[in-house]
Amino acid sequence: MADTLSHKLIRSHLVGGEMEPGQEIALRMDQALLQDILGTLVMLELDAMGLERVHTTSSVQYIDHTLLQPDNINADAHLFLKSACERLGVWYSGPGNGISHPVHMERFGVPGQSLVGCDSHTTAAGALGMLAIGAGGIEVAMAMAGEPLYLPMPEVIGVRLEGELPEWVSAKDVILELLRRHGVAGARNCILEYHGPGLAALDAMDRHVLANMGTEMGATASVFPSDAVTRDFLRSRGREADWQPLAADSGCRYERDELIDLATLEPLIALPSSPDKVVPVAQVAGEPLHQAYIGSSGNPGYRDFAVVAEIVKGRRVSSEVSLDINPSTRQVLSALISEGHLTALVEAGARLHQPGCNGCIGMGQAPAAGRNSLRTVPRNFPGRSGTREDSVFLCSPETAAASALTGTITDPRTLAMPYPRVREPARMTLSDNWFVPPLPPERARHVSLLATDNTPPLPVLNPPPERIEVPILLKTGDNVSTDDIMPAGARVLPLWSNVHASAEHTFEALAPDYVARARERGDAGHAIIGGSNYGQGSSRENAALVPRLLGLQVVIAKSIARIHWQNLPCFGVLPLTFADPTDYDRIEQGQTLVIDDLPRQLAAGGRLQATLDGASLELVHELSPRQVAILTAGGVINWLRQRGTSSTKESVS
């Protein structure tokens, strides 16, 4: 039978389960990607497991989020992570190397291999023909310890690209078009597999843009073929030996089909404050502008910066606008310097920042309150920029550059200049000088973790009670993100490795009194009610762990985003959905939820009977028997201890 490329990649890594959509499968992970703010928790989890050396072939810890150092906390965390890498056999990519996703593609990406990362945008590596999946840190820790990655078998959506992009339209507009059509949950538990003749004109970093932002649609992964474009990318970085051709079989069938004629697209923009509020740029042209921000994993390629440089070259950015340039990697920055583009940007009035995530995650470059900021980042959730009352639009580099020149939101097609077509240099030199390779085992065992007051050991979690009787402490609306649950930004993000300190900021924008009310309940527990797509966005596991420490026992929602749904039982929180979604409307904060005989009900199947202030309420769980065992143990670490093993590869082979 003709196979999609996604099915081929899954089958070659399958170690358990049936490849039927919705059924739990287990996948062998070849590589692991860690970023700093969640990598600290991963390292603490591996330490709690008693692991001595990771089993993934290439595990890499990147320092890309915590680059601002207003005090000692971030610098201390870097030393902790470096020591953990040396002890466990992990590559260390220090500050200045750049954003994990494009750096990983440049240095470690291999077509046909699997990758799991504690960052939702790990999906970007699918641009090279990898099976790349974002997950919570605890699941990444398990994969590094030799366990498979478990997830529901996704459906595969075939996205056929035809035609060629018009002038002033680029890859960002393609993914914004998909978000316009299908919304932020339109690919939940799906893989987006791109194919068709239109692919030939998209280089590897264009594909990175699409694969990166597939996660904004809820996609488990995005997959591209490994073709001549992929080969050129690896050749330019001296890694052609890692290339192999990969493609779907002719005549394969997808569960769903999508067609995009690239020639029909126009410049698009996502309005505040959701990636799927997409309209043509022409529709909002003329709106005032305060900031234009170029960078992030959402547009990390050389051409994404070079095209901006060509647009503003010999011109002057509007005095009303801050044009912020945030190079993605050391290699991209070096190429921009050698090709003269950095000079053009600086002379036009741009501000230059160090390679890293920075403004995308609210670590610097926060805009003025209520002023419009155009950004090439992947997300514009409320407050994510670092400014709570922000007004962030998502757009292409072309739209951001044109608008920076005019001082208002501008359709780039209206500029009185020819469209600059730029390509990255034929040689993008890589160097291992800025990486610290894994130590050999005989040296690694003598390394001690450089723990700090901000990296305390993880607390022990208790199993859930057999009878849950808790109040509804919080009711939220649709599309609540993990940014809403556990905020980022320069004020809170450095505290993420300290679950006790970060707990004070839980839900602070949505429900400022949540923490105080949760602490009043203490171990007696509480429940949260969510709307559709609860927990969308970042894979940050502390959005599950920290509320659990505050007493959260149950989340009930119309639907729960995949990664957050998987994170919750890993820390002993029961994720449920309504059998009848209209029941959401009759629930009020303060009502009492009762679930009797929880172990029996979980073992009996997917339906649970509960009461709400005495009235019957039917709920659904989609947990596998393995997840039920993890939940009832009080989380993954307890479960592993009960198994009497520190997870070795032999235990799952």
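How many helices and strands are there in the protein chain? In this predicted model, the protein chain holds 23 helices and 27 strands.

**View 1. The whole protein chain, seen as a single body of 653 residues.** The C-alpha atoms fill a box of roughly 70 × 60 × 55 Å when this is taken along the principal axes. The radius of gyration is 24 Å, which agrees with the value near 26 Å that a compact globule of 653 residues would have. Of these residues, 65% count as buried, and the protein chain exposes about 22,100 Å², of which carbon and sulfur atoms supply 48%. Among contacts between residues at least 6 apart in sequence, 77% join residues at least 24 apart. The protein chain carries 54 positive and 74 negative charges, and the mean positions of these two sets are 3 Å apart.

**View 2. Residues 524-580, the segment annotated in UniProt.** The unreviewed UniProt entry places the feature "domain: Aconitase A/isopropylmalate dehydratase small subunit swivel" at these residues. Over residues 524-580 the chain is 30% helix and 28% strand, while the C-alpha atoms at the two ends of the segment are 28 Å apart.

**View 3. Helix H4, a mostly covered helix at residues 100-107.** Of the 8 residues in helix H4, 8 are buried. The buried residues include the charged-type side chains Glu-106 and Arg-107, together with His-101 and His-104, and the list also takes in Ser-100, Pro-102, Val-103 and Met-105.

**View 4. Ser-328, a buried residue in the loop between strand E16 (322-326) and helix H11.** Ser-328 counts as buried because its relative accessible area is 0%, and the cut-off for this class is under 20%. Leaving aside residues up to four places away in sequence, Ser-328 touches Asn-97, Gly-98, Ile-99, Pro-102, Pro-300, Phe-305, Pro-355 and Gly-356. One of these partners, Pro-102, is also among the buried residues of helix H4. Ser-328 and His-208 are 120 residues apart in sequence, and their C-alpha atoms are 13 Å apart in space.

**View 5. Leu-333, placed in helix H11 (residues 330-338).** When residues up to four places away in sequence are not counted, Leu-333 touches Pro-327, Leu-342 and Pro-355; Pro-355 is likewise touched by Ser-328. Leu-333 and Trp-434 are separated by 101 residues in sequence and, from C-alpha to C-alpha, by 14 Å in space.

**View 6. The cis peptide bond that joins Pro-272 and Ser-273.** The omega angle of this bond is about 0 degrees. Ser-273 lies in the loop between strand E13 (268-270) and strand E14 (278-280).

**View 7. Ser-296 and Asp-597, two residues with a positive phi although neither is a glycine.** For Ser-296 the phi angle is about 85 degrees, and the residue is found in the loop between strand E15 (291-295) and helix H10 (302-312). For Asp-597 the phi angle is about 50 degrees, and this residue is found in the loop between strand E25 (592-595) and helix H21 (598-604). Are Ser-296 and Asp-597 buried or partly exposed? Ser-296 has 1% relative accessibility and therefore counts as buried, whereas Asp-597, at 32% relative accessibility, counts as partly exposed.

How values were computed:
Residues are numbered from 1 along each chain as its sequence is written. This is a predicted model: local features need pLDDT of at least 70, side-chain atom pairs count only at pLDDT 80 or more; totals for chains, interfaces and linings use all residues. Side-chain values use heavy atoms; hydrogens and water are left out. UniProt positions are given in the numbering used here, feature names are shortened, and annotations may be inferred rather than shown by experiment. Helices (H or I, at least four residues) and strands (E, at least two) are DSSP runs, numbered from the N terminus. The radius of gyration is taken over C-alpha atoms; the globule rule is 2.2 Å times the number of residues to the power 0.38. Buried means under 20% relative accessible area, exposed over 50%, partly exposed in between (1.4 Å probe, protein chains only). Contact means heavy atoms within 4.5 Å. Accessible areas come from the Shrake-Rupley method with a 1.4 Å probe; for residues, only the protein chains shown count as cover. The place of a charge is taken as NZ of Lys, CZ of Arg, CG of Asp or CD of Glu.
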